[in-house]
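Welcome, and please open your viewer before reading on. We will go from one selection to the next, pausing at each to see what is there.

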Amino acid sequence: MSENIGDSFEIFGGGSSNGGTGSGLPFGYGNSNSALTTGQSGPWNTEYTLIANDPGSLRRVNLTFSNYNDPHEVRIFQSSLNVTYQAEIEEKLDLSEYFHPLQSFSSYQKQTFVISPDSSINLDPGDFDTTLGEVSLLMARAHYNADAVEDQRLLYWHYNSGYRNIMSDMMMLTGQVKPDASWRGWQTLPNIDEQVGYTGAATGGFVFSNPTEYPVKLTILTAS
Amino acid sequence: MATRPIICPPQPIDGFLFRKDKFVLEEDYNITNFFDFSDFQDEVISYSRSKVTLKSGKSVKISQTDIGDDNGFVKWVAVKVKYPAPKDPILYGSQTPIIPGVPTPTNGTPQVKKYIFWTYRGNTYNIGEMMILTGSKLGSTDSEKTGWNLTEDFLPYEDGGITFSNPHSDIDVKLEIIIAR
């Protein structure tokens, strides 16, 4: 493109004189006349460069200039846990093989909580008497406030007074149970101290805590 | 020559399973949705996928220092455990050949034996056939680490890594793992 905008107007020069170095009116001269004369246009040179010879090359160019910053995402569809990039599935973990049978002694329950900011809930142990409180499946899904930024999309969970663990959007824990026995499942019974007058928190089972400034809706499925 | 008897397929077992983008209960041919993941997506920066054979009585420590952030923390740990499957009754017929020195194939893994252990920060837990753990992106102003620590021992957080242990003496299991940050 030409450096000049009009035939009789030039904005270069930078001299301190009122007239500048151009032949026309400079910017900021302070009168009421328009600095740009109407009805004129500068020359415009267009150069073309061949950047793709075939559709495959065109896709590469598109990735370079249009979708380069698209993120990888973890999503669940087609009965798989997928790592996707745009429309491509780059890796997947097949979930279709997972099956939790309902056996003769099995039971299940689904609970939904809204956990207030800076507060905790004890998972209701439900009715898993046949497995002495153990479950072989726990799946949890959290729904966060729309205003919660990514750093605020988290919950803490404690199990049997162990270390504090973390959960973001979902969690799935599994094990195995036996009828009328403690086996290799997850114990949901809170081990409340039997001492008379004890008013502290339960120390067993699952405790979920919301450390964020927004309420969090938490849905938990437990099954034996 | 005898004709192969016609055996009607048994009624499918009721249970929980993934169906497309949902987690459902199939019970008496009825399907009840429990979780809908169609709206679920989580942005990740890096990831890895691995397959591990875990021999009987052995342990393996999963460390993905290169996938994690500067402190080795990741947002996603998804593990599937595959146990020995039942033999195909058509292929193997009614009798299994006994070959000296070669373990005789078993008829699958009993349900109560489908478990292994995983240990994180000194705590040991159970895992059946699947585990999905998620964490959050680290806050830029929050010094607390809010993911899962998969560092090697020599890095600042030396209690990193998840150790999977196969407690069984007679079965090998296979792990399929996706880790993402």
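The tour below begins with the two chains, moves to the contact between them, and ends at a network of charged side chains.

**Before you click**

This is a predicted model, in which local features need pLDDT of at least 70 and side-chain atom pairs count only at pLDDT 80 or more, while totals for chains, interfaces and linings use all residues. Residues are numbered from 1 along each chain as its sequence is written, chains are lettered from A and ligands numbered from 1 in the order in which they are written, and side-chain values use heavy atoms, with hydrogens and water left out.

**Stop 1: each chain by itself**

Select chain A and switch to a cartoon view. Chain A has 1 helix and 16 strands; helices (H or I, at least four residues) and strands (E, at least two) are DSSP runs, numbered from the N terminus. Of its 224 residues, 39% count as buried, where buried means under 20% relative accessible area, exposed means over 50%, and partly exposed lies in between (1.4 Å probe, protein chains only). Now select chain B, where you will find 1 helix and 14 strands. Chain B has 181 residues, and 44% of them are buried.

A contact here means heavy atoms within 4.5 Å. Among contacts in chain B between residues at least 6 apart in sequence, 66% join residues at least 24 apart. For chain A, the share of contacts with a separation of 6 or more that comes from residues 24 or more positions apart is 61%.

**Stop 2: a covered strand in chain A**

Select residues 170-174 of chain A, which form strand β11. Are these residues buried or exposed? The strand is mostly covered, with 5 of its 5 residues buried. Show the side chains: Met170(A), Met172(A) and Thr174(A) point one way, while Met171(A) and Leu173(A) point the other way.

Add residues 137-143 of chain A to the selection to bring in strand β8. Strand β8 of chain A and β11(A) pair in the antiparallel sense over 5 bridges (two strands pair if DSSP finds at least two bridges between them). One place to look is Leu137(A), whose bridge partner in β11(A) is Thr174(A).

**Stop 3: where the chains meet**

Show both chains together. The contact takes 63 residues from chain A and 62 from chain B. Between them the chains bury about 5900 Å², 61% of it on carbon and sulfur atoms; buried area is the accessible area (1.4 Å probe) that two parts lose on being put together, summed over both. Which three residues should you highlight on chain B? Pick Phe16(B), Phe18(B) and Phe35(B), which supply 12% of the area that chain B buries against chain A, more than any other three residues.

Next, select residues 72-77 of chain A and residues 41-44 of chain B. These are strand β1 of chain A and strand β4 of chain B, which run antiparallel and are joined by 4 bridges. In β4(B), Glu43(B) is the bridge partner of Glu73(A).

**Stop 4: salt bridges across the interface**

A salt bridge is a side-chain nitrogen of Lys or Arg within 4 Å of a carboxyl oxygen of Asp or Glu. The structure holds 15 of them over all chains, and 5 are between chain B and chain A. For one example, select Arg141(A) and Asp39(B), whose side chains meet with an N to O distance of 3.4 Å.

Then select Lys82(B) and Glu97(A), which form a salt bridge at 3.6 Å, N to O. Lys82(B) lies in strand β8 of chain B and Glu97(A) in the loop between β3 and β4 of chain A, so the pair joins two chains. Lys82(B) is partly exposed at 31% relative accessible area, and Glu97(A) is partly exposed at 42%.

**Stop 5: the network**

Keep Lys82(B) selected and add Glu176(B). The closest N and O atoms of this salt bridge are 3.9 Å apart. Glu176(B) lies in strand β14 of chain B and Lys82(B) in strand β8 of chain B, so the pair ties together parts that are 94 residues apart in sequence.

Glu176(B) is buried, with a relative accessible area of 10%. Add Arg49(B), which forms a salt bridge with Glu176(B), the closest N and O atoms being 3.0 Å apart. That pair links strand β5 and strand β14 of chain B, with the two positions 127 residues apart in sequence numbering.

Finally, add Glu91(A) and Lys80(B) to your selection. Together with Glu97(A), Arg49(B), Lys82(B) and Glu176(B), they are linked in a network of salt bridges.
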